[in-house]
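Student: Please take a close look at one part for me, the interface, and then follow the chain inward from there. I would like the cut-offs stated as you go.

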Amino acid sequence: MTKAIGLEVSLAIAEAVKQANVDVVAAYPITPQTHIVEELSVYVANGELDAEYIPVESEHSALSAAVGSSAAGARTYTATAAQGLAFMHEILFITSGLRLPVVMTVANRAMSAPISIWNDHGDIMAERDIGWIQIFAENGQEAYELTIAAFKIAEDRKVLLPICVNVDGFILTHMIEPVTFIDQKKIDDFLPPYSPALTLDPDKPATFGPVGVPEVYIESRKQCEQALLNSKAVVQQVLEDWGKSCGGKYKLVEKNGNDKAKILFITMGSLGETTMTAVKELEESGESAGQVRIRLWRPFPREEFLEAIADADELIVIDRALSPGAHNGPVAQEIKALLFNESKRPKVHNVIAGLGGRDVTVKDFQKMYAMAKADELGPNYLIWGVRSDA
Amino acid sequence: MSELAICAWQKLELGTVITQPGNAAQLRTGDWKTLRPETDTEKCIKCGMCSIYCPEFCISENEEGYYPADLFYCKGCGICANECPKQAISMVMD
Ligand code: SF4
Ligand code: SF4
C-alpha cells in the first residue's frame with residue numbers, strides 16, 4: 001500500500017473505475033456526480049484508460065447504452081444523481097431483470113422540487129425496489145475501495161446483478177480527503193477480466209429482453225429476487241477477500257462504540273462519521289450510546305443487523321429521506337418490519353435528518369440522544385430541524 | 001407459449017434470455033381462439049386468397065389443393081373467412 005494523498009473523492013472514484021479496467025463508460029453529467037465522469041473522459045481521451053466513452057444525451061440513454069454494452073460482454077460503468085437516477089428509472093429494472101452486472105455510482109442528492117443540488121437519500125430511496133445491490137460508502141477511502149469491489153461482486157456468476165455504490169453528494173464527492181490508492185497489480189489479481197455467462201453474439205444469437213407472458217413473468221421475477229438475496233453471501237465474501245488482499249475490512253453491518261450500549265444510532269452513508277464523534281463524546285460523559293452503520297442496504301442484511309442490535313433497548317434510526325404518507329422514513333420502515341416478528345423488540349425512534357443538504361452536527365446527535373432518553377422523539381418520526389410556527 | 005419456458009424459476013434461462021433463435025415457432029397461438037375456420041370444399045375454388053391474408057401464415061395448400069388452417073397457430077381472427085371471394089370459410093365455435 002502506498003501513502004495516502006489528499007484528493008477530491010470524485011477523482012478517487014474515477015481512479016477506482018480506471019483501475020477496475022472498465023471497457024465502457026456511458027454517462028451524462030449531473031451535479032454532484034460530474035467530476036467523476038469528467039475525469040473518466042479525460043482518462044479515455046489521453047489514453048490512460050483503454051475504454052469506449054459514450055457521451056450520451058441523457059441519463060435514460062446512459063443506462064440504456066450501459067445495458068447494451070454489458071449485454072455485449074463489456075465491463076460497464078455509469079454514474080448519476082437525483083433527477084438523473086429518476087430519469088433512469090425504467091432502465092434500472094431492465095438492467096437487473098436482464099442480470100447485467102453494471103456498476104454505478106450514485107452521488108446521492110435531494111430530489112426536486114424545489115431544485116436542490118445538495119445531499120440526501122431521496123433519490124435512491126425512491127429506487128429501493130429496482131433489484132440492484134445497493135451499498136453505501138461512508139468516507140472517501142470507502143468510496144474508492146467499494147467501487148473496485150463492486151465489479152467483483154456484480155460479475156460473480158452467482159450474482160450477475162447490477163450494483164450501485166451510494167456516495168453522499170458534495171459531503172463526500174467534493175471533499176478533499178486522504179485516500180490511499182491500492183497497487184494496480186493487487187487489483188488485477190483481485191479482479192479478473194469479466195467473463196459473461198451470456199452475451200449478444202452474432203455467432204450464437206440470443207434475445208435479451210423478450211416478452212414475459214403471464215406464464216413466465218413470476219418465475220422471471222423470482223429468479224432475479226433470489227439472485228439478489230443470494231448476493232449477500234457474495235458481498236460478504238468479496239469484502240472479506242478484499243480486506244485480506246487489497247484494502248480495508250468492511251462488513252455488511254458495522255458497530256461502533258460500547259458493544260452493550262442501550263441506545264443505538266442507526267445510520268447509512270457519511271452521517272455515520274458525525275455520529276461516531278457524537279457517540280464517542282456521549283460515551284465519555286458516561287452515556288450508554290452506540291452506533292450501527294448499515295453498509296449493505298439491498299439485499300437488507302437481516303441476520304447481521306439483528307445481531308448488531310441484540311443488546312439494545314432503543315434505536316434512533318436516522319433517515320435521510322421522507323416517505324410521505326408512510327409511518328416512517330424508509331430505513332425505519334425496513335427495521336420496524338424486520339423487528340415485528342422478533343420476540344425481543346427494541347423501541348424504535350425515527351429521525352428524518354439532513355434533507356436537501358441541511359447540516360447535521362455532533363450536537364444534533366447529542367440532542368437526539370437526550371430526547372430519546374426523555375421519550376420526546378414521538379411515536380412515528382420527527383423531521384429534524386424543520387422551522388415551524390407552532 | 002414456448003413449452004420450454006414453462007418451467008420452475010430455477011430452470012429459467014439467466015435474465016429470461018432466449019438462447020434458441022426461432023423458438024417462437026413453439027408458441028401455441030392456437031390456444032387463444034374461440035372460433036376456428038372451416039372450409040366448405042364444395043364452395044372453395046382453391047384460389048389461395050385465404051393463405052395470403054392470414055396474419056399467422058398458418059394456411060397452406062394440401063395435397064388435394066385445398067387450403068386448411070394449421071390450428072396449432074390459428075388465432076381464430078376470421079380474416080380468412082372475411083376475405084374468401086366465395087364465402088367458403090365459416091367460423092365455428094372451437
Ligand atoms: S382465422 Fe385468422 S389466423 Fe386462423 S386461419 Fe383464418 S386468418 Fe389465419
Ligand atoms: S380463399 Fe376461399 S376459395 Fe380461396 S382457397 Fe381459401 S377457402 Fe378456398
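Tutor: Buried area is the accessible area, taken with a 1.4 Å probe, that two parts lose on being put together, summed over both. This is a predicted model, in which local features need pLDDT of at least 70 and side-chain atom pairs count only at pLDDT 80 or more, whereas totals for chains, interfaces and linings use all residues. Residues are numbered from 1 along each chain as its sequence is written, chains are lettered from A and ligands numbered from 1 in the order in which they are written, and side-chain values use heavy atoms, with hydrogens and water left out.

By that definition of area, chain A and chain B bury about 1,500 Å² between them, and 73% of this is on carbon and sulfur atoms. Of the area that chain A buries against chain B, 33% comes from Leu198(A), Val216(A) and Gln223(A), more than from any other three residues. If contact is taken as heavy atoms within 4.5 Å, 19 residues of chain A are in contact with 15 residues of chain B.

Turning to polar features, zero salt bridges are found across this interface, a salt bridge being a side-chain nitrogen of Lys or Arg within 4 Å of a carboxyl oxygen of Asp or Glu. Five residue pairs, both members at pLDDT 80 or more, are nevertheless in polar contact across the interface; such a contact is a pair of N or O atoms within 3.5 Å, where within protein one must be able to donate a hydrogen and the other to accept it, and residues adjacent in sequence count only if both atoms are side-chain atoms. On the side of chain A that touches chain B, helix 9 (residues 214-245) of chain A gives the most, with seven residues; helices (H or I, at least four residues) and strands (E, at least two) are DSSP runs numbered from the N terminus.

Helix 9 of chain A also leads inward, since it is among the elements against which the buried residues of helix 5 of chain A pack, together with helix 3 (59-71), helix 4 (82-87) and strand 5 (103-108). In helix 5 (residues 89-97) of chain A, the buried residues include Ile91(A), Leu92(A), Thr95(A), Ser96(A) and Gly97(A), where buried means under 20% relative accessible area, exposed over 50% and partly exposed in between (1.4 Å probe, protein chains only). Just after helix 5 of chain A, Arg99(A) takes a positive phi of about 60°.
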